[in-house]
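Colleague: Thanks for making time to go through this one with me. Could you put it on the screen so that we can talk it over?

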Amino acid sequence: MNDLGALGFSEEQADLMEAASRFCREKSPMEKVRKLIETEEGYDASVWNEIADLGWLGIAIPEDYDGVGLSIAEVAPVMEAMGRSMLATPFFSTTLAAQALLAGGTEAQKKALLPEIVGGVPATLALAEANGEWDLTKIEARATADGDTLRLNGAKRFVADAAAARYVIASVIAENAPALVIIDAKEIPESALRRETIIDETKRACELTLDGVIVPKAALFDPAKSREAFERIDLVANLLASAEMAGACAACIDYTIEYLTTRKQFGRTIGSYQALKHPTVDAYVEYEQARSHVYAAAHSFSDQGAGEIAVRMAKAQSLKALSYAADRSIQFHGGFGFTYDCDAQLYRRRAAFHASQFGDETWQRQRLAELLF
Amino acid sequence: MTDAHQKELAEFAADADAWFAANTPRDPGFMLPLTFMEVGTDQQFEFLRDWQRKVWEAGYLGAAWPEDYGGGGLRQDFQDAATAAMKKHDAPIMLNAIGLNWTGPLLLDMGTEEDRKKYIKGILSAEDIWCQGFSEPENGSDLGNAQLKAERDGDEYVLNGSKTWTTQGNYAKYMILLARTDPDAPNKYAGLSFFLAPMTVPGVETQPIRKLTGEFGFTQTFFTDARIPVSCLMGEEGQGWLVAMRTLEYERGARKGQAGGYVMTSFDAFQIVDLAKRAMRAGAPAIDDPVMCDRLVEFVIEAQGLKLNNERGRFAPLNQDRPMGLPLSNKLAWTEFVRRLNEFAMTLTGAAGGYYVGDENAFDDGLWTRGYLNAFSATIGGGTSQIQRNIVAEHVLGLPKK
């Protein structure tokens with residue numbers, strides 16, 4: 001039988017969970033989330049600096065590069081807490097870029113960039129394209145050698161936090177093989193970035209035109225580690241997305257319950273109606289499984305085979321749980337649920353966005369079928 | 001855990017593994033019940049009774065119960081190791097479910113020394129079969145409304161009324177019984193009392209109930225002026241509801257202390273994967289059908305999620321939000337999962353799903369079709385899924401009752 005991963009929970013995870021929960025509750029009340037949606041940047045730079053000062057950007061970075069030297073398993077509770085409070089910062093994209101660097105960057109690149117990232121310099125990945133591929137190695141963008149430089153062309157979509165990022169790591173085909181290349185944001189003309197209107201309004205993403213961007217040859221990741229880097233990006237992204245959604249799901253259920261226990265119709269608190277009660281319980285049951293899957297995925301992340309299975313299960317289950325909980329939350333809020341002011345839509349949009357990135361439920365299940373049977 | 005303890009445990013586990021490898025009975029030539037609620041023939045009953053006794057005598061049942069009462073006097077992880085060995089070798093179920101999982105833990109928790117000495121050994125050896133008398137024909141989910149009368153008459157209580165869905169009622173020597181001792185109590189719960197009632201006194205009759213599968217396993221039990229001694233009372237008169245609720249916590253796994261082993265064959269989602277590879281749909285293995293394959297993965301994810309939920313209990317920081325959430329939703333989540341999984345298994349077998357137990361062409365002897373029908377025993381029994389949702393909604397999520 002396949003090893004599907006197991007559950008574990010370390011003291012470090014527990015400490016970070018507590019600290020992050022407290023921090024996020026304080027820094028990201030819903031009024032603040034709403035306010036940030038209206039801003040161009042989408043996040044509060046002072047909160048971002050505090051996150052850097054707390055060392056959370058270095059949790060899964062080795063001490064050699066100024067990190068804390070723990071693993072991605074310890075990032076999961078932080079991401080979960082951020083998801084629960086809908087705290088918007090470039091944390092997801094920057095953590096993901098750092099993990100990509102760790103897995104596939106050259107020693108020189110890691111030495112140069114990782115300490116900066118740990119210190120609070122935002123970075124991101126540019127992977128998706130018009131073809132809608134979730135297989136990260138199916139790339140149209142090209143890097144063509146030109147003396148000591150590489151001439152890039154193509155276009156990237158859903159480049160998370162691109163406007164904030166100091167470094168953008170883009171996937172390209174170089175010498176007929178999938179590769180990753182670091183672009184200093186200074187090399188990206190303003191006209192190359194178009195802010196995208198995405199379904200999750202708490203997040204920021206851009207379309208990035210690579211045509212005309214030139215980078216030094218030394219900006220290429222280590223070609224020998226390319227495959228490893230793409231695999232790691234896929235799994236880290238899906239783990240972080242799962243954790244963020246599990247957190248959001250807990251908040252969404254709390255939010256629904258708050259309404260069900262206060263709103264009255266026909267002389268009764270609406271939460272007493274079984275037609276609303278029972279689906280709320282069903283949402284809760286799905287949520288608890290999602291959370292268990294997330295912590296199993298975090299714990300088993302580095303296990304060959306089991307790690308990938310656990311992560312894909314976590315992504316599928318957290319998508320299912322959050323989509324359902326938020327869908328019912330909109331419905332159970334009645335007329336208010338149909339308004340922009342009701343937070344249920346924020347949760348539903350978040351699930352829809354995560355479904356669009358790094359593979360939806362069906363995609364994860366298809367990969368699981370290959371891994372399991 | 002000390003090294004010495006760890007070593008002792010490892011040795012015990014290895015012995016258990018070897019014992020079950022050598023002693024687990026293979027195909028007895030008739031279909032064995034998959035759960036304690038499916039014991040429909042004397043042949044099945046005798047077989048399982050012998051098996052439980054054998055396991056207990058070997059020291060792999062009740063290993064963590066006190067030695068004074070017939071247990072092994074070991075720590076719980078020893079029994080867990082024995083149970084794991086049982087599972088690994090796919091051993092038949094333990095028969096005396098109500099005794100092992102409900103009465104026993106209850107006696108160890110709040111029983112008198114005399115009662116423990118009197119009952120526990122017989123529970124472990126399967127000499128004394130126990131049944132449960134909670135549900136009544138007119139009061140299924142509304143357990144608190146139980147109407148079976150127990151009237152005090154000197155040193156005895158006189159029982160009149162009937163109980164239904166009595167598992168193994170026709171074999172049981174004792175019943176844990178919820179009865180109404182005070183019809184005029186201020187509320188329906190306060191009028192209830194809990195008894196360890198003998199089934200062997202005059203005035204107790206059982207009538208087998210034929211299930212939707214066509215088989216047997218339950219009875220309706222009639223009490224007509226049946227007299228039981230006052231000493232059968234568990235707790236005080238009027239405390240019946242509290243004792244019954246505590247008992248249900250054992251059933252739902254929310255409270256520990258059970259004798260060990262298992263009384264239901266647990267489902268491993270990979271059995272269904274295996275089935276999907278063997279079963280033919282429209283001329284090809286079911287697993288080659290992409291729609292079936294996708295649904296199969298969904299079931300594997302769910303099975304794993306529920307398994308992980310159980311593991312999560314060990315990590316306190318992961319259970320802080322709603323501490324009773326997982327224990328109280330466990331029954332609902334598992335039983336509904338098993339029902340849907342069985343239903344899916346039945347559809348996997350395609351055209352062969354039209355056969356039923358008894359036909360020589362039935363796939364896996366009709367195990368899956370029958371399993372689906374039997375799965376309702378768990379989504380209805382012990383509080384229907386609908387009532388379970390009310391419990392979770394009210395006690396975990398804090399939604400209002402009215």
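Modeller: Happy to, and one term before we start: a residue is called buried if 20 or more other C-beta atoms lie within 10 Å of its own. Please also keep in mind that this is a predicted model.

Colleague: Good to know. Which residues of helix H7 (residues 269-278) of chain B are buried?

Modeller: Using that cut-off of 20 or more C-beta atoms within 10 Å, five names come up along H7(B). The buried residues of this helix are Ala269(B), Ile272(B), Val273(B), Leu275(B) and Ala276(B).

Colleague: And why do they count as being on the same side of H7(B)?

Modeller: Look at how they are spread around the helix axis. The buried residues sit on the same side of H7(B) because the arc they cover around the axis is only 160°.

Colleague: What covers the buried residues of H7(B)?

Modeller: Two helices of chain B can be named here, going by residue contacts. The cover includes helix H8 (290-312) and helix H9 (325-348) of chain B.

Colleague: Let's step back. How does the radius of gyration of chain B fit a compact globule?

Modeller: Chain B has 402 residues, and a compact globule with that many would come out near 21 Å. The C-alpha trace spans about 70 × 50 × 50 Å along its principal axes, and 44% of the residues in the chain are buried. The value for chain B agrees with the globule estimate, at 22 Å.

Colleague: How is chain B divided, and which helix gives the most to the side of domain 1 that touches domain 2?

Modeller: The assignment for chain B gives domain 1 (3-96 + 103-127), domain 2 (131-251) and domain 3 (269-395). The C-alpha centres of domains 1 and 2 of chain B are 26 Å apart, and their contact takes 11 residues from domain 1 and 13 residues from domain 2. On the domain 1 side, seven residues are nonpolar, two polar and two charged. With four residues, the one that gives the most to that side is helix H4 (residues 97-110) of chain B.

Colleague: Now chain A: which helices each supply at least two residues of the side of domain 1 that touches domain 3?

Modeller: Chain A has domain 1 (11-121), domain 2 (124-224) and domain 3 (227-372). The C-alpha centres of domains 1 and 3 of chain A lie 21 Å apart, with 19 residues from domain 1 and 23 residues from domain 3 in the contact. The domain 1 side divides into 12 nonpolar, five polar and two charged residues. The helices you want are H4 (75-84) and H5 (91-104) of chain A.

Colleague: Where does the largest share of the side of chain A that touches chain B come from?

Modeller: Between the chains, 35 residues of chain A are in contact with 36 residues of chain B. Elements giving two or more residues to the chain A side are helices H1 (11-27), H7 (226-260), H8 (274-300), H9 (306-332) and H12 (361-372) of chain A. By class, that side has 21 nonpolar, 11 polar and three charged residues. The largest share, 12 residues, comes from H8(A).

Colleague: Last one: what ipTM does the model score?

Modeller: For chain B, the average pLDDT is 93, and 99% of the residues score at least 70. The model as a whole has a pTM of 0.90 and an ipTM of 0.96.

Definitions and conventions
Residues are numbered from 1 along each chain as its sequence is written. Chains are lettered from A and ligands numbered from 1 in the order in which they are written. This is a predicted model: local features need pLDDT of at least 70, side-chain atom pairs count only at pLDDT 80 or more; totals for chains, interfaces and linings use all residues. Domain bounds come from an automatic or database domain assignment. Two residues are in contact if their C-beta atoms, placed from the backbone, lie within 7 Å. Ala, Val, Leu, Ile, Met, Phe, Trp, Tyr, Cys and Pro count as nonpolar, Asp, Glu, Lys and Arg as charged, and the others, Gly among them, as polar. A residue is buried if 20 or more other C-beta atoms lie within 10 Å of its own, exposed if 12 or fewer, and partly exposed in between; C-beta atoms are placed from the backbone. The arc is that of the directions from the helix axis to the C-beta atoms. pLDDT is the predictor's confidence in each residue, from 0 to 100. The radius of gyration is taken over C-alpha atoms; the globule rule is 2.2 Å times the number of residues to the power 0.38.
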